[in-house]
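Please open the structure in a viewer and keep the selection tool at hand. The tour below proceeds stop by stop, stating what to select and what is found there.

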Amino acid sequence: MLCFKIITELPTWYILFCVLLGAGLSYILYRKESWLNESPKWVKWTLTAFRFIVISFICFLLLSPLIKTLVRTVEKPIIVLALDESESLRFVHDSTFLNQTLKKQFEDLADELSETYEVVQYSFGEKLSSQMDFQFRQKITDYSILFDEIQNRYVNRNIGAIILATDGIYNKGSNPVYSIKENMPIYTVALGDTTQKRDLILQQVSNNKITYLGNKFPVRIGVKAHGVSNESSNVIIKRNDKELFRQAVQFSPNKSYYEIDAIIEAKEVGLQTLKVYVEPIKGELTEKNNYQIASIDVLDGRQKILLLANSPHPDIAALKRAIETNENYEVISKLAADFNEKLNDYNLVILHQLPSMSNSITTTLQQIEQLKIPVLYVLGNQSDVRKFSQVNKFLNINGSQSRTNDAIASFNKDFPLFSISEEYVSVFKKFPPLQTPFGNYNSTVTEYPLFKQQIGIVSTKLPLISFYVEGETKAGVIAGDGIWRWSLENYRQKQNHLAFNEIIGKTVQYLSVKADKSRFKVEVDNQFFENDIIQFEAELYNESYELTNEPEVKLVIKNKDGKAFNYSFGKTSNAYVLNIGTLPVGEYTYFAKTSFSGKDYTDKGEFIVKEIQLEEINLQANHTLLQNLAEKTNGGVVYPKDINTLGASISENNEITSISFSEEKLFDLINLKWIFFLLLIALSAEWLLRKRYGSY
C-alpha cells in the first residue's frame with residue numbers, strides 16, 4: 001500500500017501567495033487583449049486558466065516542495081528447510097530411504113509450505129550449500145555454519161521457523177543448543193539410529209608433530225567398544241607394512257575403553273606415516289572407524305641455544321620458557337662464572353647482561369666471532385656498556401654507565417625481517433617499560449628495529465629490540481632490563497603468554513636459522529586433510545641473489561603407486577605459485593625443476609593427505625540434543641514418517657505470522673518528469689489558442 005503527501009519547509013500560507021500571483025498576472029495579461037473581444041468567451045477564460053496554472057505552479061515549485069511517501073509492505077514468514085548431508089547418515093540409513101523416500105518427503109513439504117510462506121533451503125556439513133543433493137558425503141558436521149548464515153543473512157527479517165533434519169551428531173563448532181541466538185522455533189526431524197550397534201572404534205590417535213632422529217616418541221591410542229563383551233582384539237601400528245607395535249586388548253562389561261601409549265623409535269629422517277588400527281571383530285557395524293593415519297616429521301636434530309647470564313635473574317626463566325615452547329630448540333642456561341665450554345655445538349648464544357663489570361667473557365666473545373655464531377645481547381643494569389660497545393661491530397652506546405631510562409616499547413610497523421601478528425599489537429602497547437642504558441645509540445651497520453624506545457610520551461628513534469647484519473653474521477640486541485615483566489603483563493591481559501612468546505620465538509628463529517643460499521626453493525606444508533587446498537610456492541634467485549621468475553618451473557607429484565601428475569607454476573610479481581586443489585588420501589612426493597642462465601635447479605620433498613574420519617567415529621544418533629533444541633526454541637521433534645505433519649504444526653503456531661512495515665521516503669517534487677510535461681502542455685495549448693484566434 002502506498003500513501004503520499006506534499007510538504008514544504010516554508011509556511012503553508014506561501015501557497016496562497018503563489019495562487020494570488022498566478023491569478024494577478026493572468027488577469028493583467030488578458031484584461032486588455034482587444035482581439036479577445038471577437039473570440040468566444042470560453043477562449044479568454046481558457047487562456048487565463050492555462051496562464052494561471054503555469055505561473056502558480058512555477059511559483060509553488062520555487063518553494064522547494066517535497067513529496068513524502070509511506071510504503072507499507074507485508075512480508076510473509078521465512079521457513080528455513082535445512083538438511084544435514086554428512087556421512088554419518090549414509091552409514092546407518094539405506095540409500096533408498098535417503099535418495100528417494102526422504103527426498104520426496106522434503107519436496108512435498110517444500111511445495112506445501114511455499115503456498116503460505118517463503119521457503120529457503122540449505123544443506124550443511126563441513127560447508128553450506130543452498131541446494132540439497134541427498135548424497136550425504138560431507139566429512140564433517142558443523143551446525144555453526146548454518147546458524148551463522150541464518151543469523152547474518154536474515155537479520156531483521158521475518159524468520160518464522162527452521163526445519164532441521166539431522167541425527168544430532170556434531171564434530172565441529174559449538175553445541176547447537178547454545179549457538180542459536182535468534183528467537184525462532186526449530187522443528188527437528190530426527191534421523192539416524194539411537195541404538196548402539198556392535199562396533200570397535202579407534203577413537204583417538206595423538207602424537208607430537210615433530211621428533212628427532214634416534215628419539216623415542218609416544219603415540220597415544222584410544223579404543224572404545226560398543227556391544228562387545230568378553231572378546232579380544234589387537235591394536236597394531238605399522239610403517240610401510242612393517243609392524244612396529246602390537247598390544248592385545250580384552251573387552252568386558254566393565255572394561256569397554258582402553259587408552260594405550262605406544263613407544264616408537266624414530267629411525268629415519270623425514271615425514272613418517274604410521275597406520276594405526278584395531279583388528280576388527282565379527283559382526284561390526286563398520287570397519288571404517290577401525291583405523292587412522294598418524295604422521296610425524298623426524299628431524300635430524302634440535303638447535304642448541306646457550307643462554308649465558310652474568311647472574312641469576314627473572315629474565316632468564318622468562319626467556320627460557322618462551323624459547324622452549326618450540327620443540328625445535330634446546331636451551332642450556334649457564335652462569336658466566338661457571339662456563340668454560342666450547343661453542344661449536346651451539347646455533348645461537350644469548351648473553352644476558354654480558355659483558356659485565358665482573359665478567360668480561362673475552363674467551364667466549366672470541367669464539368663467537370671466530371665461529372660466526374649469531375648472538376643476542378640482553379643489556380641491563382649489570383652490563384658493562386662501554387665494553388659492549390667495544391667488542392661488538394654494530395652498535396655503540398655513548399653515555400653514563402650508571403644512568404638509565406624507563407623506555408616503553410613502541411612497535412615499528414615497518415619492520416621487514418619477520419612478521420608479528422596484528423592481534424598482538426594492542427598487547428604490546430600496554431607492556432611495562434624496560435630500564436635501558438642512557439646515552440646516544442649509534443649503529444655502524446644497517447639497523448632493523450623491531451621496537452623503538454618511547455621515553456614518557458616522547459617517541460624516539462633509539463632501538464629497544466633491534467637486529468643487525470654484517471656479512472654472514474647476524475646479531476640482536478634487547479637494550480633493556482626487565483623483559484620478564486612483559487610476560488607477566490601478557491598473562492594479565494590475555495591469560496596466556498602468546499604475544500611474548502611470539503616476540504622471543506621469532507627473534508630466536510631469525511637469529512638461529514642459517515641463511516639458505518640455495519638459488520631455487522619450493523615450499524609446501526607436509527600434512528593436509530583430504531578437503532584441504534594444496535598450494536605450492538617457489539622462489540628463484542639470480543647470481544646477485546635477487547628474485548626472478550623469468551623461466552618456467554615444472555612440478556611432478558607422484559603418489560605411492562608411482563602415478564605421476566604434471567603441473568606448471570604460475571607467476572606472481574617476482575616469484576611462483578601453484579594451487580593444485582585437493583588430492584586423494586595418500587602419500588606423495590614432489591620434484592620441481594627449472595633452468596636459468598644455462599644451469600638446472602631442482603628441489604624435492606614429500607607430503608601426506610589424510611582422510612577425515614570424524615563422521616565414522618560416532619554413529620549413534622543424539623536425539624536428546626534435538627529434543628533440547630526444540631524445547632529451547634518452542635519448536636517440536638518429529639520422525640521421518642511424520643514429516644508431512646510439519647506443515648500443519650507450523651500453521652497452528654500463532655507466532656509464525658506475516659508482518660507489515662512502513663518505509664518513509666522524501667524526494668523533490670521538481671524532479672518529477674510529468675510536471676515538466678504538464679507545464680509544457682499548458683503553455684503549448686495556450687500558444688495554439690492564441691495563434692488560432694488571432695494573436696501574433
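Two strands count as paired if DSSP finds at least two bridges between them. With that in mind, select strand β16 and strand β18 (residues 348–352), which pair in the parallel sense over 5 bridges. The model on display is a predicted one.

**First stop: around β16**

Within this pairing, L306 has V349 of β18 as its bridge partner. Next, add strand β17 (residues 329–335), which runs parallel to β16 and is joined to it by 7 bridges. Here Q303 is found opposite Y329 of β17. To pass from β16 to β17, the chain goes through helix α7 (residues 314–323), and this β-α-β crossover is right-handed. Is β16 itself mostly covered or mostly open? Strand β16 (residues 303–309) is mostly covered, with 6 of its 7 residues buried.

Remain in β17 and select K334, whose salt bridge with E341 has its closest N and O atoms 3.9 Å apart. K334 is partly exposed, at a relative accessible area of 32%, and E341 is partly exposed as well, at 34%.

**Second stop: an open sheet of six strands**

Select β5, β4, β3, β6, β7 and β37, which in that order form an open sheet of 6 strands with mixed pairing. The edges are held by β5 (128–129) and β37 (636–638); each has a single partner strand, so one side of each lacks a neighbour in the sheet. Strand β3 (residues 78–84) and strand β4 (residues 118–124) run parallel and are joined by 7 bridges, with V80 opposite V120 of β4. Now display helix α4 (residues 95–114), which packs on the sheet and touches β3, β4 and β6 (159–166). The direction of α4 makes about 170 degrees with that of β3. Helix α14 (residues 623–632) also packs on the sheet, touching β6, β7 (186–190) and β37; its direction makes about 165 degrees with that of β7.

**Third stop: an open sheet of five strands**

Which strands should be selected for the open sheet of 5 strands? The order is β9-β15-β14-β11-β12, and the pairing is mixed. At the edges stand β9 (210–212) and β12 (242–251), each with a single partner strand, so that one side of each has no neighbour in the sheet. From one strand to the next, the twist averages 25 degrees. Strand β9 pairs with strand β15 (residues 291–299) in the parallel sense over 3 bridges; in β15, D297 is the bridge partner of I210.

**Fourth stop: salt bridges**

The structure holds 22 salt bridges. One of them links E259 with R220, the closest N and O atoms being 3.9 Å apart. E259 belongs to strand β13 (residues 257–265) and R220 to strand β10 (residues 216–226), so this pair ties together parts that are 39 residues apart in sequence. Both count as partly exposed: E259 at 47% relative accessibility and R220 at 34%.

Then select D642 and K641, whose salt bridge has its closest N and O atoms 3.1 Å apart. D642 is partly exposed at 25%, whereas K641 is exposed at 66%. Finally, highlight E87, R90, K139 and E530, which a network of salt bridges links.

**Last stop: a loop residue**

Select D414, in the loop between β21 (404–411) and α10 (425–428). Is D414 buried or exposed? Its relative accessible area is 60%, and exposed means over 50%, so D414 counts as exposed. Add P449: its C-alpha atom and that of D414 are 9.1 Å apart, with the two positions 35 residues apart along the chain.

Notes. Residues numbered from 1 in each chain as written. Predicted model: local features only at pLDDT ≥ 70, side-chain atom pairs only at ≥ 80, totals over all residues. Heavy atoms only, no water. Helix = DSSP H or I, 4+ residues; strand = E, 2+ residues; numbered from the N terminus. Axes fitted to C-alpha atoms, helices over the stretch in contact; angles between N-to-C directions. Contact = heavy atoms within 4.5 Å. Buried < 20%, exposed > 50% of the residue type's maximum accessible area, 1.4 Å probe, protein only. Right-handed = clockwise from strand over helix to strand, strands pointing away. Salt bridge = Lys/Arg side-chain N within 4 Å of Asp/Glu carboxyl O.
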